[in-house]
Amino acid sequence: MSEAPTWKDQLGDRIPEDFGREIDIFETEIELRKQDKIDEVLFAETRLRRGVYGQRYDNGQRFDGRQTQQLDYPEQKTKGPNTAWHAPGMVRIKVPFGGLDTTQMETLADLAEEYSDEILHVTTRQDIQLHYVHIEDTIDLQRRLAAVGITTREACGNSVRNVTACPLAGVCNTETFDVTPYSRALSRFLLGHPDAQDFGRKVKIAFSGCRDEACGLVNMHDIGAIGLTRVIDGETKRGFEFYVGGGLGAVPHQAKLFDEFISEEELLPLSQAIGRVFARLGEKKNRARARLKFLIAKIGIEEFKRLVLEERASLPHDDRWTSYLEGLSDTDEEPLKPGQSLNGVELPAGFDDWYSTNVYQQRQPGHVVATVYLPLGDLTAQQMRDLAALSRKYLKDTIRMTVEQNIVLRWVSEADLPALYTDLTAIGLNGSAANTIVDVTSCPGTDTCKLGIASSRGLAGELRRRLGERFHSLDAAVQGMRIKVSGCFNSCGQHHVADIGFYGISRKINGVTVPHFQVILGGKWKGNAESFGLGMAAVPSKNIPLVVDRLTERYVCDRQGEESFQDFISRVGKREVKSMLEDLMQVPAYEEDPSFYRDWGDTREFTTDDLGKGECAGEVVPLAQFGLTAAEREVFEAQILLDEGDFRDAYATAFEAMVAAARALVRMEFLDVGDDADEVIAEFKTRFVDTELFLDPFAKDKFARYLFRMQDETLDNPTRDDAHRAIEECQLFIEGAFACYNRVSDAAEAQASATA
């Protein structure tokens, strides 16, 4: 009996040669790993560069009520050393500029059903993620994707990640020109490029067709390009306002202007030169300082520009730099039907609400963009398949995903909108309030991410439900705000650029760990992520919806004229804002309200068995917590100084707050430590860093390095960016101190219980 043909056999020459070779290599590496012939650390980077992530498993309830998949494998799959890689994980699928066609959508739906949990997740980088995929299935999955022109290569790892672009590119009313072909060209050029394989960390790139909107978010990227034109020798030339060194993560950096105008011919070679400089000079050992933003902060934008231009001048010529310009029209789109306005037909129930928030008038008369709202970025495999069918009915493969985790259908004839809405209703994708305060962005958080501290999806789901129920009663200025949630400080949910942002942290209250979120204010979504917010207060997760209510209600009551939320917060001042939230920062005793001691969407409660035990640590707890709280107060004072323009004192106060947090830890072991900063830091290093007590499995020692670096460097005239960065790093150091305190006190309680 002959064996069934493999996917490799079935797909044959439908797989591009370069994609196929890369998948064959990965298949061999998986086999070698199974035989323990590749080290796990090396294999981890190998699989990450193919878009294959490890995944968190806690056998708990996901916020949407679906049970997390139980791990139950045949015995032979768990034999031998280093078998952790057998557990299912997440596969990230790159979709340059978010563009999909219907065949790709159907393939993605099939893969989600056959290899995953039937859910497709749209990310904030216009990717697709599939969860609970077994690593041995990734080869067939990758081949089936390759056959429809999609790759997972370099979707993760120390590589150039998915190149994003405005989802309205080509139909936008305010763009200079369509950036789609440029984003596609750069994505293809850098994929697997030898000059993009030796980075210390990832590189993210974005394109925008205009400066003032949010779609491209250029200011928060390693490389960002805003399309513009310039008249040169009497001829209008296309080019880009070119930025480098932006990034969110734990410590966000605003991108720096590299050049006011680079020509379209220089886009690819200049990006290649940047890759070479970053690979050569970027940090490799300390991952916490390995992004491009840190290199530019270290040597300065002028020196970086000099090095890049010097590198550019020495690059061997590559025809691909300009050959793509002959095919700029290859990404041009055309409608399936001629554009016609709504013609007075009877409108289905709910249509008006949907039309007011989910429909964008294209610059091409009679055609519109319809946003398919995906709560938390999720849709089922069947919904994706149905959406592909609807796209064939109304469009010509003009579908894109957005950084706000939705899908947009472009070139819809306006006359077809009532019928489209009815069809979307039938498949459960007719949700309104897209791109409003209801449309909360969230990373996966504790649902599946190994780094998640608090349930970002759980909180986002609760906020979405509450805000959605009263959306029509909200002031129009509030309706247009953005809320973004991250499960940890790494800003995968982009909390730094939201009107109101949150990231997950924890606090120990009465001996029990309580989920909290840091409240971030001051970010600005528009203007390509024009400004980044700072942490204001640590609030228990249970009270976060009340934070949103209180801030938005105060904004509506007290704003002046057309004042934006950011301007309102700036005018009122951080002291007043924090006083508004003070009572919400308190946590009641477990007996009074146990709901504070579990996360949103999680039916499990934190254990209370150890309450009242560990008396020997009981005297230390109040002192340590008092010191850490004082450190939080000091970093808040640094924010006030920053707002007042006193950058020198803001920087110094941030450092003092870090020292205060270190002192609080040291006094757990050495009560008589003095106030001298050098003495405190020396004791902290000896007692907590050298002993690895401060080495959080999540953050390692990078937060401690923030303290040591600020001790060593002397900035006589710190800039706003320097002060802002110092405050961010200080807040993270304090979070690390809280985590360290929790671990030390837990260990003390456990020892006390064992000897009782």
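Guide: A residue of this predicted model counts as buried when its relative accessible area is under 20%, as exposed when that area is over 50%, and as partly exposed in between.

Visitor: What makes helix 6 largely enclosed by the rest of the structure?

Guide: Helix 6 spans residues 180-190, and 9 of these 11 residues are buried, so the helix is largely enclosed by the rest of the structure. The buried residues are Thr 180, Pro 181, Tyr 182, Ser 183, Ala 185, Leu 186, Ser 187, Phe 189 and Leu 190.

Visitor: Against which elements do the buried residues of helix 6 pack?

Guide: Their partners include strand 6 (164-165), strand 7 (205-208) and strand 9 (235-244). Helix 7 (267-281), helix 10 (320-323) and strand 14 (399-401) also belong to this list. Packing here rests on contact, for which heavy atoms must lie within 4.5 Å. Helix 6 is followed by Gly 192, which has a positive phi near 70°.

Visitor: How do you know that the radius of gyration agrees with that of a compact globule?

Guide: For 756 residues a compact globule would have a radius of gyration near 27 Å, and the protein has 26 Å, which agrees. Along the principal axes, the C-alpha atoms fill a box of roughly 75 × 75 × 60 Å. Of the 756 residues, 58% count as buried. Among contacts with a separation of 6 or more, 71% link residues 24 or more positions apart. The secondary structure comprises 25 helices and 20 strands.

Visitor: What makes strand 12 largely enclosed?

Guide: In strand 12 (residues 367-372), 6 of the 6 residues are buried, so the strand is largely enclosed by the rest of the structure. His 367, Val 369 and Thr 371 point one way, Val 368, Ala 370 and Val 372 point the other way, and all are buried.

Visitor: Why are strand 11 and strand 12 called paired?

Guide: Two strands pair if at least two bridges are found between them. Strand 11 (residues 359-361) and strand 12 are joined by 3 bridges and run antiparallel, so the criterion of at least two bridges is met. Val 359 has Ala 370 as its bridge partner in strand 12. In the hairpin of these strands, 5 residues lie between them, and Gly 366 takes a positive phi near 90°. Strand 12 is also joined to strand 15 (residues 407-413), by 5 bridges in the antiparallel sense. Ala 370 stands opposite Leu 409 in strand 15.

Visitor: Which strands stand at the edges, with a single partner strand each?

Guide: The open sheet of 5 strands has the order 3-14-15-12-11, with antiparallel pairing. Strand 3 (99-100) and strand 11 each have a single partner strand, so one side of each is left without a neighbour in the sheet. Within this sheet, strand 14 and strand 15 pair over 3 bridges in the antiparallel sense, and Met 401 stands opposite Ile 407.

Visitor: How is the pairing described in the open sheet with the order 16-17-18-19-20, and what makes two of its strands edge strands?

Guide: The pairing in this sheet of 5 strands is mixed. Strand 16 (441-442) and strand 20 (534-540) have a single partner strand each, so one side of each lacks a neighbour in the sheet. Strand 18 (residues 500-509) and strand 19 (residues 512-521) pair over 10 bridges in the antiparallel sense. Arg 507 stands opposite Val 514 in strand 19.

Visitor: Why is a positive phi noted for Glu 118?

Guide: Most residues other than glycine have a negative phi. Glu 118 is a residue other than glycine, and its phi is positive, near 70°. Glu 118 lies in the loop between helix 4 (102-115) and strand 4 (119-122). With a relative accessible area of 43%, Glu 118 falls between the cut-offs of 20% and 50% and is therefore partly exposed.

Visitor: Is Gln 494 buried or exposed, and how do you know?

Guide: Gln 494 has a relative accessibility of 4%, which is under 20%, and therefore counts as buried. Gln 494 too has a positive phi, of about 60°, although it is not a glycine. Its place is in the loop between strand 17 (483-486) and strand 18.

Visitor: What is known of the surface and of the charges of the protein?

Guide: The accessible surface comes to about 30,600 Å², of which 48% belongs to carbon and sulfur atoms. The protein has 88 positive and 122 negative charges, and their mean positions are 2 Å apart.

Terms used:
Residues are numbered from 1 along each chain as its sequence is written. This is a predicted model: local features need pLDDT of at least 70, side-chain atom pairs count only at pLDDT 80 or more; totals for chains, interfaces and linings use all residues. Side-chain values use heavy atoms; hydrogens and water are left out. Helices (H or I, at least four residues) and strands (E, at least two) are DSSP runs, numbered from the N terminus. The radius of gyration is taken over C-alpha atoms; the globule rule is 2.2 Å times the number of residues to the power 0.38. Buried means under 20% relative accessible area, exposed over 50%, partly exposed in between (1.4 Å probe, protein chains only). Accessible areas come from the Shrake-Rupley method with a 1.4 Å probe; for residues, only the protein chains shown count as cover. Lys and Arg count as positive and Asp and Glu as negative; His and the chain ends are not counted. The place of a charge is taken as NZ of Lys, CZ of Arg, CG of Asp or CD of Glu.
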